[in-house]
Amino acid sequence: MKDEPCPLPDDSRSPVPPADLPAAAAAPERRIAHLDMDAFFASVELLHYPELRGRPVVVGGRAVDRPRRQADGSLHFARLRDYVGRGVITTSTYEARALGVFSGMGLMKAAQLAPDAILLPANFDAYRDYSRRFKAAVAAIAPCIEDRGIDEIYIDLSHIEEATLPLARRLKAAVLAATGLTCSIGITPNKLLSKICSDLDKPDGITVLGMEEVPTRIWPLAAKKINGIGPKANERLGQLGIHSIGDLAAAPPEMLVQHFGRSTGAWLHRAAHGIDERPLSTSREPKSISRESTFSRDLHARHDRAELSEIFTGMCLRVADDLARQGYVARTIGIKLRYADFQSVTRDLTLAVPTADGAAIRKAAGECLKRVPLQQRLRLLGVRASSLLPAAAAAALPAPLVQAELPL
Ligand code: DCP
Ligand code: MG
């Protein structure tokens with residue numbers, strides 16, 4: 001049974017109002033918050049090692065050594081400069097960021113910028129635990145939540161009768177009481193603007209913004225601050241002389257459509273004007289289940305065939321286990337490869353019959369693998385199951401329907 005705490009969306013209203021209709025006319029203004037934890041993994045580590053507060057600290061992967069207890073009882077923490085390997089930073093404290101060290105950066109490269117920064121291993125169980133705690137604390141005040149991952153949520157505050165600022169402070173206080181951690185909140189009429197705003201006053205910030213403030217407070221920001229404008233789109237916008245969100249808002253929509261296609265072009269135009277009617281998606285159903293692994297050395301499809309094949313099969317079996325444990329079958333199986341030069345490719349295959357079977361997943365993933373170039377060495381391999389269906393619902397599918405879809 002699924003709890004449905006949010007008001008039901010009105011199906012008669014299209015999620016995207018026609019272009020000639022101002023958004024405000026389509027529906028009453030909503031009040032949506034985006035809440036994002038501050039330096040999340042690193043902040044959880046600081047709860048365990050309070051002696052590190054105020055120091056530059058980075059969290060690496062699982063393979064990084066844990067702090068060692070010394071003879072005098074104190075802990076010995078590893079320094080970035082002593083790290084050798086291919087790990088990357090998952091996150092860093094604000095003190096480390098001041099030295100130029102950010103998420104995604106290779107640990108050895110980071111060591112050149114901040115050799116004395118403390119390096120800690122990631123402890124995902126602890127992060128998941130704190131993630132559950134902060135979400136439960138928010139849900140006790142405002143139950144309509146869209147879970148966006150381990151450290152961020154959207155919250156619909158439209159139906160809560162409390163002024164925005166006191167409510168935002170109450171949410172932050174509840175998160176702090178439940179976890180000892182700070183977060184930053186953006187509150188605006190929609191998800192797009194709130195996501196931008198939660199980042200404007202980090203850490204420990206509250207940013208409230210109305211539509212009338214879009215020109216003054218949003219337009220000066222870089223175009224890539226819009227969630228959905230990735231590095232590639234940003235580069236293409238730059239080539240067109242579009243750097244800020246204001247530049248984008250001023251660009252003729254036809255020009256955007258010409259360069260980015262009809263739907264992306266139209267979306268860019270609307271996003272730049274702060275228009276976003278997407279409802280919160282409050283379902284708890286996962287969209288996909290995946291496993292991936294970065295190798296400790298680059299592997300070659302032919303020379304390291306046995307090793308790769310073992311890893312690949314193991315990954316497929318783990319995806320199958322995850323599906324079975326969570327009670328899903330998947331209709332689409334995909335793979336992801338990253339080559340030695342960091343280029344990535346993905347391929348997927350839609351099955352006639354949804355499955356959670358390890359052998360079937362291995363077979364489908366193998367088919368995908370045949371469709372990618374394998375001359376270069378590989379850094380990373382991943383397997384993903386998507387288009388998920390609850391196993392019980394799939395079992396109830398009428399057999400003729402399933403059979404009719406079997407390939408001949
Ligand atoms: N993360 C990761 N790899 C990345 C980026 C992030 O593993 N490339 C993890 C570590 C982060 C967490 O996800 O702690 C949340 O990501 P955020 O982007 O919200 O970053 P932080 O919470 O660390 O910092 P901020 O205060 O900027 O939100
Ligand atoms: Mg965060």
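User: In β15, which residue is the bridge partner of S288?

Analyst: The partner of S288 is S386. Keep in mind that this is a predicted model. Nearby in our story, R291 stands opposite V383 of β15.

User: What makes β12 and β15 a pair?

Analyst: The test asks for at least two bridges between the strands. Eight bridges join β12 to β15 (residues 378–390), so the two count as paired. They run antiparallel.

User: How do you know that β13 and β15 pair, and in which sense?

Analyst: Apply the cut-off again: two bridges would do, and β13 and β15 have 11, in the antiparallel sense. Within this pair, T332 has S386 as its bridge partner, and R338 stands opposite L380. You met S386 above as the partner of S288.

User: What is the strand order in the sheet?

Analyst: Four strands form an open sheet, ordered β12-β15-β13-β14, with antiparallel pairing. On average, neighbouring strands are turned by 15 degrees against each other, direction ignored.

User: Why are β12 (288–299) and β14 (344–355) called edge strands?

Analyst: Each of them pairs on one side only. For β14, a partner is β13: eight bridges join the two, which passes the cut-off of at least two, so they pair. One of the matches there is L337 with V345.

User: What do β13 and β14 form, and which residue in the turn has a positive phi?

Analyst: They form a hairpin with four residues between the strands. The residue is F342, whose phi is about 75 degrees.

User: Which helix lies across β12, β13 and β15?

Analyst: That is α13 (residues 305–326). The helix runs at about 160 degrees to β12.

User: Which residues come nearest to ligand 1?

Analyst: F40, F41, T90, T91 and S103 do, out of 14 residues around ligand 1. To belong to this group, a residue needs its C-beta atom within 6 Å of the ligand. Two elements, β1 (32–37) and α2 (40–48), each supply at least two residues of the shell.

User: How do the residues of that shell divide by kind?

Analyst: Six are nonpolar, four polar and four charged. Phe counts as nonpolar, so F40 and F41 belong to that kind.

User: Where are the domains of the protein chain?

Analyst: The assignment gives domain 1 (40–123), domain 2 (214–279) and domain 3 (288–390). Between the C-alpha centres of domain 2 and domain 3 lie 34 Å.

Notes:
Residues numbered from 1 in each chain as written. Chains lettered and ligands numbered in written order. Predicted model: local features only at pLDDT ≥ 70, side-chain atom pairs only at ≥ 80, totals over all residues. Axes fitted to C-alpha atoms, helices over the stretch in contact; angles between N-to-C directions. Contact = placed C-beta atoms within 7 Å. Domains from an automatic or database assignment.
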